[in-house]
Amino acid sequence: MWRAALSAAVDVTPTWIHGDLHPRNVLVEDGLFSGIIDWGDIATGDRATDLAAIWMLFEDPQARRLAFSAYGTVSHNTYMRAKGWAIGFGVTLLDAGLEDDPRHAAIGEQTLSRVAAGS
């Protein structure tokens with residue numbers, strides 16, 4: 001998966017991205033998204049970076065499919081790059097969390113498990 005993500009061509013133009021989109025930066029009220037915080041890493045970049053959050057936010061594979069569907073057209077290359085970003089974020093959160101933040105470690109572990117599950 002990692003090699004496929006690295007070789008996936010960038011087939012979209014750069015757009016505004018959050019840059020640090022993970023569950024601790026997403027607000028939820030009554031089970032629904034209500035906001036996104038911590039815009040300190042906002043940048044122009046590859047939308048696949050923020051799409052990686054789908055693996056961090058949704059445990060259920062069907063919910064992940066619905067999230068991608070709701071986003072709109074996502075090419076195979078963009079999907080593969082998003083999966084690569086999810087792996088990268090998962091490893092980073094797990095590594096940082098093992099040192100000093102168990103919540104980050106849990107997010108990292110869950111993300112990697114979801115990506116490894118294949119959907």
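These exercises work through salt bridges, a helix pair and a surface patch in a predicted model.

**Exercise 1.** Find which residues are linked in a network of salt bridges, and place each one.

*Solution.*
- Start with the count: there are 3 salt bridges.
- Take Asp11 and Arg81. Their closest N and O atoms are 3.4 Å apart. Asp11 sits in the loop between α1 and β1, Arg81 in helix α5, 70 residues apart.
- Now take Arg81 with Asp46. Here the closest N and O atoms are 2.6 Å apart. Asp46 lies in the loop between β4 and α2, so this pair ties together parts 35 residues apart in sequence.
- Join the pairs: Asp11, Asp46 and Arg81 form the network.
- Check burial, with the cut-off at under 20% relative accessible area. Arg81 is buried at 6%. Asp46 is buried at 16%. Asp11, at 37%, is partly exposed.

**Exercise 2.** Determine how the axes of helices α5 and α6 cross, and what ties the loop between them to another part of the chain.

*Solution.*
- The axes come within 7 Å and cross at roughly 150°.
- Angles over 145 degrees count as roughly antiparallel, so α5 and α6 are roughly antiparallel.
- The crossing is left-handed.
- Asp101, in the loop between α5 and α6, pairs with Arg24, in the loop between β1 and β2. This salt bridge spans 2.7 Å, N to O.
- Asp101 is buried at 16%; Arg24 is partly exposed at 30%.

**Exercise 3.** Identify which residues make the nonpolar surface patch of about 470 Å².

*Solution.*
- The patch is made by Trp16, Ile36, Trp39 and Ile42.
- Locate one of them: Ile36 lies in strand β3.
- Ile36 is partly exposed, at 39% relative accessible area.

Methods:
Residues numbered from 1 in each chain as written. Predicted model: local features only at pLDDT ≥ 70, side-chain atom pairs only at ≥ 80, totals over all residues. Heavy atoms only, no water. Patch = residues over 30% accessible without salt bridge, like charges linked within 9 Å, V, L, I, M, F, W, Y side chains within 5 Å. Areas by Shrake-Rupley, 256 points an atom, 1.4 Å probe, with all protein chains shown as cover. Salt bridge = Lys/Arg side-chain N within 4 Å of Asp/Glu carboxyl O. Helix = DSSP H or I, 4+ residues; strand = E, 2+ residues; numbered from the N terminus. Buried < 20%, exposed > 50% of the residue type's maximum accessible area, 1.4 Å probe, protein only. Axes fitted to C-alpha atoms, helices over the stretch in contact; angles between N-to-C directions. Parallel < 35°, antiparallel > 145°, perpendicular 65-115°, else oblique. Left-handed = near helix turned anticlockwise from the far one by under 90°.
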